[in-house]
Amino acid sequence: MKEWIKSFDGLRFFFILFLMFHHFDSFSDLGVNGWNEIMSWLKEGFVSVNFFFLLSGFVVQYAYKDRLLNKKTGSIEFLFNRLAHLYPTYLLFFVGAIAIYSRNQWLGAIQSSGFLLHLFALQSWIPIAPQDLAFKWNGLAWAVSTEIFFYLAFIFLVFIPNRYLIAFASSIFIIVSLQISIIGGSSNLAGWFFYISPFCRLLDFLIGMVLCNFVINNKYVKKNRTIFSFLELLSLVVLFAFVAVGRYSDIPWQWRWQIFYLIPCAIIVFVFSFNSGVISEILGKPYFSLLGKISFPLYLCHQEVFYLIKIYLCKDPMTIDMLFIYGIIGIILSIVISFIVYYTVTKPVNMFLRRVYKGNKSH
């Protein structure tokens with residue numbers, strides 16, 4: 001069993017935090033004067049999507065490649081383990097979303113189109129405008145649907161040599177780039193294709209796998225603390241530079257949502273995977289590790305929390321300061337809820353399901 005890369009836990013939390021600030025746009029429809037200017041500084045938070053999909057490819061390859069190749073873990077067991085980790089928490093917040101957004105119309109929600117696709121986490125697979133399917137109910141859960149697609153692809157991709165993975169990733173990059181250049185944002189499916197589509201998002205996951213292979217094959221690289229501390233700082237500076245360009249430039253959303261942030265995210269995952277600099281040491285501290293562990297329930301719950309705060313607390317007259325304070329309260333509440341869910345649902349149910357599976361397998 002490989003040693004876990006502790007810095008990834010801290011990185012997960014801070015990228016989730018950036019995404020939560022991005023989702024302060026939940027309050028934009030309140031029409032508070034000056035709020036749109038605040039959001040213009042937070043709008044690039046979707047960079048977190050590139051980061052998490054890329055990190056997912058790295059981590060799954062890191063944890064499971066040898067086990068699958070050496071037949072210590074079978075493909076079915078791999079898929080079961082990943083679903084045991086994701087689905088109970090996903091289902092909890094799916095039910096919560098129906099209760100929150102549908103209110104007294106539960107039956108109508110259950111009978112509505114797309115319900116079964118959401119129930120079985122298939123909503124991102126269908127080429128329908130996101131607002132009509134993937135963003136219904138818990139609009140953040142589409143990423144779980146896309147992750148499941150990645151896991152199914154992984155049981156085949158894991159056996160492919162790195163040079164072919166690079167060729168496959170390059171092909172997807174070319175296809176997506178051509179589609180952006182030709183179609184742009186004119187199609188009503190552009191949002192699905194350039195942001196939701198599991199096939200297009202597979203590019204992030206593949207890059208993560210490729211980076212992991214490179215790190216594993218060069219695991220004896222001399223890890224100079226001073227050099228890696230500089231590289232870690234530099235990688236974060238590169239990310240902030242890209243975010244600043246995204247904030248101030250006129251780069252079309254299709255490029256920014258899909259392609260633009262691949263480079264800084266890949267650099268960060270690669271550099272921090274060596275876990276050798278000062279920043280890595282800080283991010284690997286137990287408190288950041290714990291915050292990283294709750295990042296999955298935190299991802300799924302925070303937009304629902306923001307919605308409830310908007311409905312029940314945001315009353316006229318509102319100011320920017322008040323709204324920002326409510327947003328911070330929403331973040332704190334989301335963290336508290338995530339701790340509770342992690343220790344009462346995510347972790348214990350995952351462990352229980354794995355024990356049941358192994359028990360049935362042994363018989």
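These exercises work through helix packing, aromatic pairs and single residues in the model above.

The model is predicted, with local features taken at pLDDT of at least 70, side-chain atom pairs counted at pLDDT 80 or more, and totals for chains, interfaces and linings using all residues. Residues are numbered from 1 along each chain as its sequence is written, and side-chain values use heavy atoms, without hydrogens and water.

**Exercise 1. Find how α8 and α10 pack, and which residues make the contact.**

Step 1. Locate the helices. Helices are DSSP runs (H or I, at least four residues), numbered from the N terminus. Helix α8 covers residues 162-183, and helix α10 covers residues 198-217.

Step 2. Take the geometry. Axes are lines fitted to C-alpha atoms, over the stretch in contact, and angles run from 0 to 180 degrees between N-to-C directions. Here the angle is about 150°, and the axes are 9 Å apart.

Step 3. Name the arrangement. Angles under 35 degrees count as roughly parallel, over 145 as roughly antiparallel, 65 to 115 as roughly perpendicular, and the rest as oblique. α8 and α10 are therefore roughly antiparallel.

Step 4. Give the hand. A crossing is left-handed if the near helix is turned anticlockwise from the far one by less than a right angle, and right-handed if clockwise. The crossing of α8 and α10 is left-handed.

Step 5. List the contact (heavy atoms within 4.5 Å). From α8 come N162, L165, I166, F168, A169, I172, F173, I175 and V176. From α10 come F199, C200, L202, L203, L206, M209, V210 and N213.

Step 6. Sort these residues. Ala, Val, Leu, Ile, Met, Phe, Trp, Tyr, Cys and Pro count as nonpolar, Asp, Glu, Lys and Arg as charged, and the others, Gly among them, as polar. The contact of α8 with α10 has 15 nonpolar residues, 2 polar and no charged.

**Exercise 2. Describe the packing of α16 against α1 and against α15.**

Step 1. Start with α1. Its axis lies 10 Å from that of α16, at an angle of about 15°. That makes α1 roughly parallel to α16.

Step 2. Add the hand and the residues. The crossing of α1 and α16 is right-handed. R12, F13, I16, L19 and M20 of α1 meet S295, L298, Y299, H302 and F306 of α16. This contact splits into 7 nonpolar residues, 2 polar and 1 charged.

Step 3. Turn to α15 (residues 286-293) and α16 (residues 295-312). Their axes come within 5 Å and cross at roughly 50°. α15 and α16 are therefore oblique to each other.

Step 4. Name the partners. L291, G292 and K293 of α15 meet S295, F296 and P297 of α16. The split is 3 nonpolar, 2 polar and 1 charged.

**Exercise 3. Place F13 and S26, and give their contacts outside the neighbours within four places in sequence.**

Step 1. F13 sits in helix α1. F13 is buried, at 7% relative accessibility. Buried means under 20% relative accessible area, exposed over 50%, and partly exposed in between (1.4 Å probe, protein chains only).

Step 2. F13 is in contact with L291, G292, L298 and I335. F13 and L291 are 278 residues apart in sequence, yet 5.9 Å apart in space, C-alpha to C-alpha.

Step 3. S26 lies in the loop between α1 and α2. S26 is buried, at 15%. The contacts of S26 are Q303, F306 and K310.

**Exercise 4. Describe two of the aromatic pairs found in the whole structure.**

Step 1. Count. The search finds 46 aromatic pairs. Rings of Phe, Tyr and Trp (its six-membered ring) pair if their centres lie within 6.5 Å; planes under 30 degrees apart count as stacked, over 60 as edge-to-face and the rest as tilted.

Step 2. F193 and F194 are edge-to-face, 5.1 Å centre to centre with 85° between the planes. F194 is buried, at 1%.

Step 3. F270 and F274 are also edge-to-face, at 5.3 Å and 90°. F270 is partly exposed at 24%, whereas F274 is buried at 7%.

**Exercise 5. Are K71 and A121, with their positive phi, buried or exposed?**

Step 1. K71 has a positive phi of about 60° although it is not a glycine. K71 is in the loop between α3 and α4. At 72%, K71 is exposed.

Step 2. A121 is also not a glycine, and its phi is near 55°. A121 is in the loop between α6 and α7. At 0%, A121 is buried.

How values were computed. Helix = DSSP H or I, 4+ residues; strand = E, 2+ residues; numbered from the N terminus.
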